[in-house]
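I opened the notebook to record what I looked up in this structure. The entries follow the order in which I checked things.

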Amino acid sequence: MPFLKQHVKYLVLLSVLACGIIFTAPYVNYQDFLSQGDHGRDLYAAQAVYRGELPYRDFWWVYGPLTPYYYGLFFKIFGTNISSMILGKIVLRLLGGILICLAMMEVASEIAAFCCACWFMLFHQDFFFTYNHLGGIVMILGVAFCLLSYIQKNSSRAAWGALGFVFILCLIKINFGLAALLITVLTVGVSDAIKNRDVSLFYSTNLQIKIGRRPYFYVVALVGLPLLVFIIYWSLLNGLSAMEIRQCLPYKEGDQPYSINPWVAIVNFLLMTLRTIKSSWENFVIAIIINASALRCFYLFANNKISDPRRTTLLMSLGMLACFYVVNSHEYLKSGVWYREYWAQPINMMIIFLLIDTATQSIPKMARKSIFTFLILLVFYCWITVLISVSAIKNENQYLNLPRGKIYITNSPAWITTVEQTTAFLNKTLKPNELFFALPYDCLYYYLTDKRAPTRQLIFFEHIKIPPEQERSVIAELEKNHVNYILLSSRAFAHQELGLGQLGTTYCPLIGKYIHDNFTAIARFGDWKNEPGWAWNHGTLILRRKGI
């Protein structure tokens with residue numbers, strides 16, 4: 001059929017979009033866990049920029065400044081509720097599926113690209129603690145698409161497109177943006193050198209590099225883009241103290257509670273991978289396919305079974321993706337926190353499907369078709385399993401029945417009841433324009449009650465290292481805003497979780513004394529017996545200023 005052959009790529013993209021809509025539809029009003037701290041921070045940030053406030057300057061924010069505006073737009077269009085945030089994530093996941101498909105079609109077959117895109121949309125592990133990072137993943141996939149296109153086609157538009165995605169990524173998560181910038185410059189330079197395009201290498205007394213037809217690219221990449229990113233961040237951070245800046249951009253040594261030897265992190269990753277392989281028959285079969293494909297590709301390259309220019313393109317593509325994978329693992333290698341490896345996971349998927357596609361192109365067609373048919377069937381089998389699991393959660397006990405909630409979550413019914421009761425009490429007690437202070441890290445209640453935080457600082461834990469002068473500034477803000485009510489959650493007295501501490505004892509002694517001297521408890525909700533958790537064992541205490 002001539003029409004299908006001429007438009008096969010468009011049909012593949014439409015198929016990816018259709019599958020993505022099917023895969024993500026159950027999540028429109030569903031979220032795994034909802035935390036009073038991290039998710040509350042993201043919800044509050046989107047609400048704050050919608051009101052005209054600025055990240056960093058007007059409220060504490062720990063990622064790049066762009067994402068609150070993205071989700072704030074969804075609040076504006078679809079209403080201020082958690083479902084709008086989830087819809088924003090679904091759009092990003094669909095866009096990521098499209099981009100990973102486009103990237104794979106630059107160097108692999110359409111069927112491999114389709115499988116890889118479906119794999120990403122269904123299996124890419126979600127950053128369960130924030131709405132922010134998925135936008136960064138999409139930009140990373142955009143960079144990968146442009147760089148693979150550049151390797152394949154030597155397209156100037158691809159090189160500039162990569163810089164565009166890098167710029168946006170810098171405004172979502174700056175360290176990953178700079179890592180992607182490094183990979184972009186290296187890929188363009190190495191590709192030109194290997195294929196003798198714009199960079200000519202010659203020897204005199206020293207190795208010199210002469211930039212040919214693309215000087216502006218390197219000027220923009222190495223000077224213009226970093227300078228623009230610096231100006232944007234500085235315009236938002238200007239006026240904050242050095243410690244407040246470190247609290248927003250915690251990249252210096254000691255700014256985060258987790259640290260590990262990179263070699264230990266690698267060993268832990270290998271052990272986690274081994275456990276994953278052994279956890280189910282599906283994972284075991286996939287592991288066999290991946291390892292067999294990798295071994296066959298090694299054989300094909302070692303014995304020159306793939307001819308140029310295809311051989312050069314594949315080696316450059318795999319090399320770029322491997323380097324991209326390593327730099328995207330830098331947070332995990334430094335901290336050992338398992339979910340930080342998720343930044344590298346989409347690149348890993350691309351490597352896997354490129355290896356499978358390359359390895360199976362020279363085997364009998366029936367065997368190749370059988371492998372990809374199995375992979376497609378496995379995707380839909382796993383989707384049905386997920387659908388059954390999500391549907392089981394959607395019952396009245398798991399429903400957050402608040403005007404700004406209205407989603408199903410996997411938190412315990414006790415946690416949901418505590419949040420509903422606390423929110424109802426605050427709405428009943430506070431006057432229309434009256435503010436309250438939530439600590440140590442309970443921004444969810446600002447969002448659920450539609451209240452502005454009375455202080456710029458939103459988080460108070462031991463690892464945040466709030467100095468005395470910042471404590472005094474927070475107290476001054478409370479006095480200035482005539483705060484008469486405080487919400488204190490049980491996480492203020494955590495004993496087991498690393499870096500949290502006990503309010504008034506191991507951190508913020510001045511704020512602890514201020515609360516003790518000026519406020520008294522009037523209501524208590526939830527669990528105050530068990531060790532408080534990130535989204536479980538949640539208790540709240542409402543305090544009122546003495547004498548009112």
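At what angle do the axes of helix α20 and helix α21 cross? I note first that the model is predicted. I looked up the pair and found a crossing of roughly 30°, with the axes coming within 8 Å. Helix α20 covers residues 468-480 and helix α21 covers residues 509-518. From α20 the contact takes P468, E471, R472, V474, I475, L478 and E479, and from α21 it takes P509, L510, I511 and Y514. I sorted these residues by class and got 8 nonpolar, no polar and 3 charged.

**Entry: Q36**

I went next to Q36, in the loop between β1 (30-31) and α3. Is Q36 buried or exposed? Its relative accessible area is 0%, so I put Q36 down as buried. I then listed what Q36 touches, leaving out residues up to four places away in sequence. The list holds W415, Y441, D442, C443, L444, R491, G533, W534, A535 and H538. For one of these, L444, I looked up the separation: 408 residues in sequence, yet 4.9 Å in space from C-alpha to C-alpha. With H538 there is also a polar contact between side chains, at 3.5 Å.

**Entry: D38**

D38 belongs to helix α3, which runs over residues 38-50. I asked whether this charged residue is buried or exposed. D38 counts as buried because its relative accessible area, 15%, falls under the 20% limit. Which side chain does the side chain of D38 meet in a polar contact? I found W534, at 2.9 Å. Setting aside neighbours within four places in sequence, I have F129, Y441 and W534 as the contacts of D38. Y441 and W534 also stand in my list for Q36.

**Entry: second largest pocket**

D38 came up again when I turned to the second largest pocket, where D38, Y258, Y339, R340 and H463 are the lining residues nearest the centre. I have 43 residues in the lining and about 1,000 Å³ of space in the pocket. By class I noted 24 nonpolar, 8 polar and 11 charged residues. Helices α3 and α11 (242-248) each give at least two residues to this lining. The largest share, 3 residues, is that of α11.

**Entry: cavities**

How many cavities of 30 Å³ or more are there? I counted 2.

The largest has a volume of about 40 Å³. Its lining consists of D42, A45, A46, W61, T67, P68, Y71, M85, Y131 and N132. I traced at least two of the lining residues to α3 and at least two to α4 (67-78). The classes come out as 7 nonpolar, 2 polar and 1 charged.

The second largest cavity has a volume of about 30 Å³. I found F114, C115, C118, L375, I376, V379 and F380 around it. Which helix gives the largest share of this lining? I have α17 for that, with 4 residues. Both α6 (110-123) and α17 (365-393) supply at least two. I wrote down 7 nonpolar residues here, with no polar and no charged ones.

**Entry: backbone**

I then looked up cis peptide bonds. The bond from D308 to P309 is cis, with omega near 5°, and P309 sits in the loop between α13 (281-302) and α14 (310-327). The bond from L439 to P440 is also cis, with omega near 15°. P440 is in the loop between β5 (436-439) and α19 (444-449).

The loop between α13 and α14 also holds N304. N304 has a positive phi of about 55° although it is not a glycine. Is N304 buried or exposed? With a relative accessible area of 57%, above the 50% limit, I entered N304 as exposed.

K406 likewise has a positive phi of about 55° without being a glycine. I placed K406 in the loop between α17 and β4 (408-409). Its relative accessibility is 40%, so I recorded K406 as partly exposed.

Notes. Residues numbered from 1 in each chain as written. Predicted model: local features only at pLDDT ≥ 70, side-chain atom pairs only at ≥ 80, totals over all residues. Heavy atoms only, no water. Axes fitted to C-alpha atoms, helices over the stretch in contact; angles between N-to-C directions. Contact = heavy atoms within 4.5 Å. Buried < 20%, exposed > 50% of the residue type's maximum accessible area, 1.4 Å probe, protein only. Polar contact = N/O pair within 3.5 Å; in protein donor to acceptor, adjacent residues only side chain to side chain. 1 Å grid on protein atoms, 1.4 Å probe; cavity = no way out; pocket = protein on both sides within 12 Å on 5 of 7 lines; lining within 4 Å. Points joined across faces, edges and corners; volume = space filled by probe spheres on them.
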